[in-house]
Amino acid sequence: MAERFPEECFIDLVEDVVGKIQGEVEVRTLEAVGSTVRSLVKECPDASVEPAGQSAEGRPIEVIKLGDGPISVLFLGTPHPAEIVGSLAIEALIHALASDGPLRRAFDLCTFLFIPVCDPDGYWLNEPWFRLESNPVNHLLYQYRPSFPEQAIWSYPAKYKRFVANAPSPECRALMRVIDTYRPAYVDEIHNGEIISCFASSSQSEPELTAYLAKLASNLGVGFRDVYEPHTAAMAYDRKAAEGDACPEAGMGSGTGTYEYVNRVRPGSDWFCFEVPLWKLEDVVNRRREPTDWKLQDVKEHSITMRERSYFSMAEHLPGLRAHREAQNHAPVQRLLRAVGERFGRMSREAFEDERNKLRECEDRHATVHEVFLSIGLWVFYQDRNLGMLWRAADFLRMEGVKSDLKGLIEADMSYLMKECEPIPLVELVRAEVAAALISMKMSLNRLMNFVTD
């Protein structure tokens, strides 16, 4: 079979398209996203907007259709509602495909489908931090990440051995309608992280793709981990069983992901995700292997103490927020509390004691810069997402004492990252996502054409 990675002339075309993405890029409100996309559609005679479904709170979920070729390709923006690069990248892709003749001709067999915002309720909850300075504290105070049963891209129906799930969220049902109707041959979920290095997940694995994505990451000033196999519920079940879990289905969550579902509808479909961060830590990347003044055991102990303190703060404030007289009839507050409650339910005080017991096995040496980042930066940031959602619920309920306690803890925990993090310009993130999308989509189209002609 012929090589799938695009020829040099197509890569040159992509660089030309990406180079035209210029100027300031701003995160838009949900209303502004809809207005911008409709303006783009009006400029293109073969584009249309179709309803896909509604969110849990009744907001419309729409799919933009461009072209009418026999091969459908689907782009999912903001698959998690705080991952705002996706909607911006989709705007840029629609504009490029509608206005660039050579690019459009390279995909003349395609029908393009775009869902700029997969979870409009969650996206709306994240809007306040769009207007604030981009830093870890502001992000944690206003970011919302749904519980697994409410995630648009991870609650598809699934059945594998003893694991059965059939309760897709309203947002997931909207995605299912689009997938069932158009049976896409290629799906790109445009995710972004916050402070991690770049990585990708793809059904296509070639060294040239890995090298290209690593170059995109380098252009952003961040590292690149690898291209991973797409995750599935079946993989999770088998891994848990192999580790000796007698009841793997018990902790499996609420369903499966887009890759597994789209391949059930259309076997052999490609799936792609390139994840970029919002911030870079240039000093951490450049000095990652250098020793610090911290002893490794001390930095791990400090990390345990910080995360344990966060855990106890959740344990203290979650019941009071749930019991507040206004909470029961406040949909955003309930959404936030369900998200925190699910994650808190998977945590235990004993886990911190287990970590402390293992410190005796810790090497007697100084921690590297990267180990300090992981211990008191990344791991604490992930856990403090829960504190931020509790703070947001307290803000809605005007519980000033709770707000003060939670904000003070978040600010203390984020003191390290606040010094190290530097925002990456959104225009650079959009360029990287558009380039990755066009290259991986062309690889998928090449595979299909090779399959027909070989």
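Here is a friendly chat about the two largest pockets of a predicted model.

Colleague: What makes H80 one of the residues that line the largest pocket?

Modeller: Lining residues have an atom within 4 Å of a point of the pocket. H80 belongs to the 44 residues that line the largest pocket, and with R145, F148, Q151 and H231 it is among the closest to the centre. The space in this pocket comes to about 1,300 Å³.

Colleague: Which element gives the most to the lining of the largest pocket?

Modeller: That is α15, with five residues. Other elements that each supply at least two residues include β8 (198–202), β9 (224–228) and α13 (331–345).

Colleague: How do you know how many residues of that lining are nonpolar, polar or charged?

Modeller: Asp, Glu, Lys and Arg count as charged, and Phe is among those that count as nonpolar. Sorted by such classes, the lining of the largest pocket has 16 nonpolar, 14 polar and 14 charged residues.

Colleague: Why is K20 called charged in the lining of the second largest pocket?

Modeller: K20 lies nearest the centre of that pocket along with I21, E91, A92 and H95. Lys counts as charged, so K20 falls in that class. The 18 lining residues divide into eight nonpolar, four polar and six charged.

Colleague: And how much space lies in the second largest pocket, and which helix gives the most to its lining?

Modeller: About 390 Å³ of space lies there. Helix α3 gives the most, with six residues, and both α2 (30–42) and α3 (85–99) supply at least two.

Note on methods:
Residues numbered from 1 in each chain as written. Predicted model: local features only at pLDDT ≥ 70, side-chain atom pairs only at ≥ 80, totals over all residues. Heavy atoms only, no water. 1 Å grid on protein atoms, 1.4 Å probe; cavity = no way out; pocket = protein on both sides within 12 Å on 5 of 7 lines; lining within 4 Å. Points joined across faces, edges and corners; volume = space filled by probe spheres on them. Helix = DSSP H or I, 4+ residues; strand = E, 2+ residues; numbered from the N terminus.
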